[in-house]
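Colleague: Before I use these coordinates, I should like to go through the strand pairing and the internal space with you. Please show the structure.

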Amino acid sequence: MATKVILPMLGQTMEEGTITKWFKQEGDVVEKGEPLYEVLTDKVNMEVESPESGVLRKIIAQVDDTIPIMEPVAIIGTADESIDDLLVSGNGASGPVPVAEVEVISVAPASPFDVQVPSEAITPSRVFISPRARRLANESGVDIDDLAGRGTGPDSRVVEKDVRAYLAENAVNATPLAAKIAGVEGIDLRGVTGSGRDGKVTRNDVMPAAAPVAAPVSSQAATVIPFTGMRKVVADNVLKSAQTIPDVTLVIEVDMTDAMKVRKQVVSQFEAKYGARITFTDMIAKASAQALLDYPLANSSIHGNEIRISPDVNIGIAVAIDGGLIVPVIRNADKKSIADVSIETKELAGKAKTNTLSGSNLSGATFTISNLGTFGVDIFNPIIVSGQAAILGVCRIADKPVVVDGQIVVRSMMNLCLSFDHRILDGAPAAQFLQRIKSLLETPWQLII
């Protein structure tokens, strides 16, 4: 019996995925468990195995399509059975499929603080809508119920461009087709003069505005980079963080002179004994892990009305790769020696650059470190990873004149920049946590033994 292939939830924070590759074409025979397609999640590219054996009858989600989780991406069945019912229905043949539903209750509250809804006033309706479209509708004050029948996504689901079309249509006097074009092209119809009856904006009025505008000076065409794939995932993640987390950044100066001396003394010994060449990032990761044990609120996250302190100290290390960045995770970093941390960091960084990280390598981080010191950066404002309380930005080590015991001397100094979620941490405990990392780095033998 034919069945729909559903995009699974491949991580706790995953809401949608972008199809990047199909390993099979329509009409190909597929076996259960073999790679069927590749999807870009909010963390990494992952191969998804076929849930069934049969013939790939229909590819619903094309390459570069972004699909909400639990939505159909393909249909697998026998070579000769009809799949017409699956193409028009909302559920697969294998049973009900959870979908993003919104129950709309249109009742005006008596006051902002006392909402009482009489049962006879509730008239629920269901509109199938993607998470991004629902977010835009809520931000724009659009009643979800008004979007019924407007969906252009898979199985008539309302997607983001449908909401933009609705906003454009209701902002000015425009035909539905003109509004839809404006929504797709991002055109503000308020600046378009209508040629239709009573000044209504028509398709012919919108099309010139949708046409690309020639550059007035340069004779060369602009370089166009598609805003898709990993670049879009990174953009969505940092935008979500910036819009939802009230962050504060503290900067502290750390004297790394002794850390440099200790590293120079032990680096050859550790490399010979463990095969690990200790870096300053390794030392900072170990110091952060120990500090998180002393200040557990920095190792927590918000879940509804609760702050949950993680029992594990899992350090994410941001790694730059072509087209974006990725954050592999060192699990239980507080329980590992600095040699173990160093070995694991190198292995994960190598996998990140060859795109061979697994989902388990990228999930579960409770705290993140972003090091821009190799680029000569002296200060920056790192963006907190959603689901974490803080992120540590590491800057360059540079020789500077400082006062020690009343004398001006040259020391190797480094700035650490801690961004923290002010809902979880206040300034004083955040500063104490940062001071603890500073103290550990300035007495580096504590990190080595």
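The discussion below concerns a predicted model and takes up a sheet and then a cavity.

Colleague: In what order do the four strands of the open sheet lie?

Modeller: The pairing in this open sheet is antiparallel. Its edge strands are β1 (3–6) and β3 (29–30), each of which pairs on one side only. Read across the sheet, the order is β1-β8-β6-β3.

Colleague: Which residue in β8 is the bridge partner of Thr3?

Modeller: Strand β8 covers residues 72–77 and pairs with β1 in the antiparallel sense over four bridges. Within β8, the bridge partner of Thr3 is Ile76.

Colleague: Which residue in β8 stands opposite Ile59?

Modeller: Strand β6 (residues 54–59) also pairs with β8, over four antiparallel bridges. Opposite Ile59 in β8 stands Ala74.

Colleague: How many residues of β8 are buried?

Modeller: Buried here means under 20% relative accessible area. By that cut-off β8 is mostly covered, and the count of its buried residues is six of six.

Colleague: How much space lies in the largest cavity?

Modeller: A search of the whole structure at 30 Å³ or more finds one cavity. The space in the largest cavity is about 40 Å³.

Colleague: Which helix gives the largest share of the lining of the largest cavity?

Modeller: The lining consists of Ile317, Val319, Pro328, Ile330, Thr345, Leu348 and Ala349. By class, six of these residues are nonpolar, one is polar and none is charged. The largest share, three residues, comes from the helix spanning residues 338–353, namely α9.

Technical notes
Residues are numbered from 1 along each chain as its sequence is written. This is a predicted model: local features need pLDDT of at least 70, side-chain atom pairs count only at pLDDT 80 or more; totals for chains, interfaces and linings use all residues. Side-chain values use heavy atoms; hydrogens and water are left out. Two strands pair if DSSP finds at least two bridges between them. Helices (H or I, at least four residues) and strands (E, at least two) are DSSP runs, numbered from the N terminus. On a 1 Å grid over the protein atoms alone, a cavity is a set of points where a 1.4 Å probe fits but cannot get out, and a pocket is an open set with protein on both sides within 12 Å along at least five of seven lines; lining residues have an atom within 4 Å of a point. Grid points are joined across faces, edges and corners, and a volume is the space filled by probe spheres set on the points. Ala, Val, Leu, Ile, Met, Phe, Trp, Tyr, Cys and Pro count as nonpolar, Asp, Glu, Lys and Arg as charged, and the others, Gly among them, as polar. Buried means under 20% relative accessible area, exposed over 50%, partly exposed in between (1.4 Å probe, protein chains only).
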